[in-house]
Amino acid sequence: MCLRYTADLSRVVTNHGFTLHQYADDCQVYTSTSVDDATETVDRFSRCLDDVEAWLSSSRLRLNPDKTQVLWLGSKFQLLKVDIQDVPVLTTSVKIVDTARDLGVVIDSGLTMSDHVTAICGCL
(Lines give C-alpha, C1' and ligand atoms only; values in the text may rest on other atoms or scores of the structure.)
Protein backbone atom coordinates (compact mmCIF):
# COMPACT_ATOMS: atom_id res chain seq x y z
CA MET A 1 0.00 0.00 0.00
CA CYS A 2 1.30 3.43 -0.72
CA LEU A 3 1.17 6.16 1.90
CA ARG A 4 -1.21 8.30 -0.13
CA TYR A 5 -3.63 5.41 -0.50
CA THR A 6 -3.70 4.77 3.26
CA ALA A 7 -3.51 8.37 4.51
CA ASP A 8 -7.16 8.25 5.55
CA LEU A 9 -6.43 5.17 7.67
CA SER A 10 -4.03 7.24 9.74
CA ARG A 11 -6.82 9.76 10.37
CA VAL A 12 -9.16 6.98 11.51
CA VAL A 13 -6.59 5.80 14.06
CA THR A 14 -5.58 9.26 15.30
CA ASN A 15 -9.25 10.19 15.79
CA HIS A 16 -9.25 7.55 18.55
CA GLY A 17 -6.10 8.96 20.15
CA PHE A 18 -3.73 6.27 18.87
CA THR A 19 -0.67 6.40 16.65
CA LEU A 20 -0.34 4.39 13.43
CA HIS A 21 2.92 3.02 12.10
CA GLN A 22 2.91 1.46 8.64
CA TYR A 23 5.50 -0.60 6.84
CA ALA A 24 4.56 -2.27 3.54
CA ASP A 25 1.39 -4.24 4.32
CA ASP A 26 1.93 -4.17 8.09
CA CYS A 27 0.12 -1.66 10.28
CA GLN A 28 0.73 -1.12 13.98
CA VAL A 29 -1.51 0.85 16.28
CA TYR A 30 -0.01 1.93 19.56
CA THR A 31 -0.38 4.29 22.49
CA SER A 32 0.91 4.96 25.96
CA THR A 33 -1.36 4.58 28.99
CA SER A 34 -1.21 4.27 32.73
CA VAL A 35 -2.18 1.04 34.45
CA ASP A 36 -5.23 2.81 35.90
CA ASP A 37 -6.46 3.69 32.40
CA ALA A 38 -5.76 0.29 30.80
CA THR A 39 -9.39 -0.86 30.69
CA GLU A 40 -10.57 2.40 29.08
CA THR A 41 -7.69 2.23 26.61
CA VAL A 42 -8.63 -1.33 25.60
CA ASP A 43 -12.23 -0.23 25.04
CA ARG A 44 -11.04 2.70 22.91
CA PHE A 45 -8.67 0.37 21.03
CA SER A 46 -11.51 -2.03 20.27
CA ARG A 47 -13.68 0.82 18.93
CA CYS A 48 -10.71 2.03 16.87
CA LEU A 49 -10.30 -1.41 15.28
CA ASP A 50 -14.03 -1.47 14.43
CA ASP A 51 -13.55 1.82 12.56
CA VAL A 52 -10.34 0.55 10.94
CA GLU A 53 -12.22 -2.52 9.71
CA ALA A 54 -15.00 -0.30 8.30
CA TRP A 55 -12.42 1.83 6.48
CA LEU A 56 -10.62 -1.25 5.16
CA SER A 57 -13.91 -2.76 3.96
CA SER A 58 -14.72 0.39 2.01
CA SER A 59 -11.34 -0.06 0.30
CA ARG A 60 -11.98 -3.76 -0.32
CA LEU A 61 -9.46 -4.80 2.32
CA ARG A 62 -9.84 -6.71 5.59
CA LEU A 63 -8.41 -6.72 9.07
CA ASN A 64 -7.34 -10.25 9.96
CA PRO A 65 -7.88 -10.91 13.69
CA ASP A 66 -5.88 -14.16 13.36
CA LYS A 67 -2.79 -12.10 12.55
CA THR A 68 -3.50 -9.41 15.14
CA GLN A 69 -1.25 -9.37 18.20
CA VAL A 70 -1.57 -7.26 21.33
CA LEU A 71 1.43 -6.70 23.56
CA TRP A 72 1.71 -4.72 26.80
CA LEU A 73 5.10 -3.04 27.21
CA GLY A 74 6.44 -1.90 30.55
CA SER A 75 8.43 -2.75 33.62
CA LYS A 76 7.90 -6.11 35.29
CA PHE A 77 6.20 -4.37 38.23
CA GLN A 78 3.82 -2.34 36.06
CA LEU A 79 2.91 -5.35 33.92
CA LEU A 80 1.94 -7.33 37.03
CA LYS A 81 -0.69 -4.65 37.76
CA VAL A 82 -2.44 -5.13 34.40
CA ASP A 83 -4.98 -7.93 34.67
CA ILE A 84 -6.33 -7.71 31.12
CA GLN A 85 -5.52 -10.97 29.33
CA ASP A 86 -7.43 -10.54 26.06
CA VAL A 87 -8.70 -7.73 23.87
CA PRO A 88 -11.89 -7.69 21.77
CA VAL A 89 -11.02 -7.46 18.08
CA LEU A 90 -14.06 -7.30 15.81
CA THR A 91 -16.14 -10.41 16.60
CA THR A 92 -13.35 -12.32 18.35
CA SER A 93 -10.96 -11.91 21.23
CA VAL A 94 -7.17 -11.71 20.96
CA LYS A 95 -4.99 -12.99 23.81
CA ILE A 96 -2.25 -10.69 25.09
CA VAL A 97 1.16 -12.04 24.06
CA ASP A 98 4.50 -11.76 25.86
CA THR A 99 6.52 -11.41 22.64
CA ALA A 100 5.88 -10.26 19.09
CA ARG A 101 8.02 -10.15 15.97
CA ASP A 102 8.33 -6.70 14.41
CA LEU A 103 10.31 -6.39 11.19
CA GLY A 104 12.40 -9.41 12.20
CA VAL A 105 13.04 -8.27 15.76
CA VAL A 106 11.49 -10.23 18.63
CA ILE A 107 10.14 -7.69 21.12
CA ASP A 108 9.25 -8.85 24.63
CA SER A 109 6.90 -7.09 27.01
CA GLY A 110 9.76 -5.98 29.28
CA LEU A 111 11.88 -4.72 26.36
CA THR A 112 14.82 -6.82 27.54
CA MET A 113 15.74 -8.14 24.09
CA SER A 114 16.52 -11.54 25.66
CA ASP A 115 13.98 -13.35 23.43
CA HIS A 116 15.48 -11.69 20.36
CA VAL A 117 19.02 -12.70 21.35
CA THR A 118 17.82 -16.25 21.99
CA ALA A 119 16.11 -16.35 18.58
CA ILE A 120 19.20 -15.03 16.79
CA CYS A 121 21.78 -17.15 18.62
CA GLY A 122 19.68 -20.25 19.03
CA CYS A 123 20.99 -20.38 22.58
CA LEU A 124 19.24 -21.45 25.75
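**Notebook: fold, surface and largest pocket**

I began with the secondary structure and counted 4 helices and 7 strands in the protein, keeping in mind that this is a predicted model. Reading along the sequence, I wrote the order down as α-β-β-α-β-α-β-β-β-β-α.

For the overall extent, I looked up the box that the C-alpha atoms fill along the principal axes, and noted roughly 45 × 35 × 25 Å. The protein has 124 residues, and I recorded 28% of them as buried, a residue being buried when its relative accessible area is under 20%.

I then turned to contacts with a separation of 6 or more, and found that residues 24 or more positions apart account for 52% of them.

On the surface, I noted an accessible area of about 8,500 Å², with 52% of that belonging to carbon and sulfur atoms. For the charges, I listed 11 positive and 17 negative ones, whose mean positions lie 5 Å apart.

My last entries concern the largest pocket, for which I noted about 1,500 Å³ of space. Its lining comprises 44 residues, and those that lie nearest the centre are C27, Q28, V29, Q69 and V70. Which elements each supply at least two residues of this lining? I found the helices α1 (3-14), α2 (38-58) and α3 (76-81), together with the strands β2 (26-30), β3 (70-71) and β6 (99-102). Which element gives the largest share? That is α2, from which 7 residues of the lining come.

Note on methods:
Residues are numbered from 1 along each chain as its sequence is written. This is a predicted model: local features need pLDDT of at least 70, side-chain atom pairs count only at pLDDT 80 or more; totals for chains, interfaces and linings use all residues. Side-chain values use heavy atoms; hydrogens and water are left out. Buried means under 20% relative accessible area, exposed over 50%, partly exposed in between (1.4 Å probe, protein chains only). Contact means heavy atoms within 4.5 Å. Accessible areas come from the Shrake-Rupley method with a 1.4 Å probe; for residues, only the protein chains shown count as cover. Lys and Arg count as positive and Asp and Glu as negative; His and the chain ends are not counted. The place of a charge is taken as NZ of Lys, CZ of Arg, CG of Asp or CD of Glu. On a 1 Å grid over the protein atoms alone, a cavity is a set of points where a 1.4 Å probe fits but cannot get out, and a pocket is an open set with protein on both sides within 12 Å along at least five of seven lines; lining residues have an atom within 4 Å of a point. Grid points are joined across faces, edges and corners, and a volume is the space filled by probe spheres set on the points.
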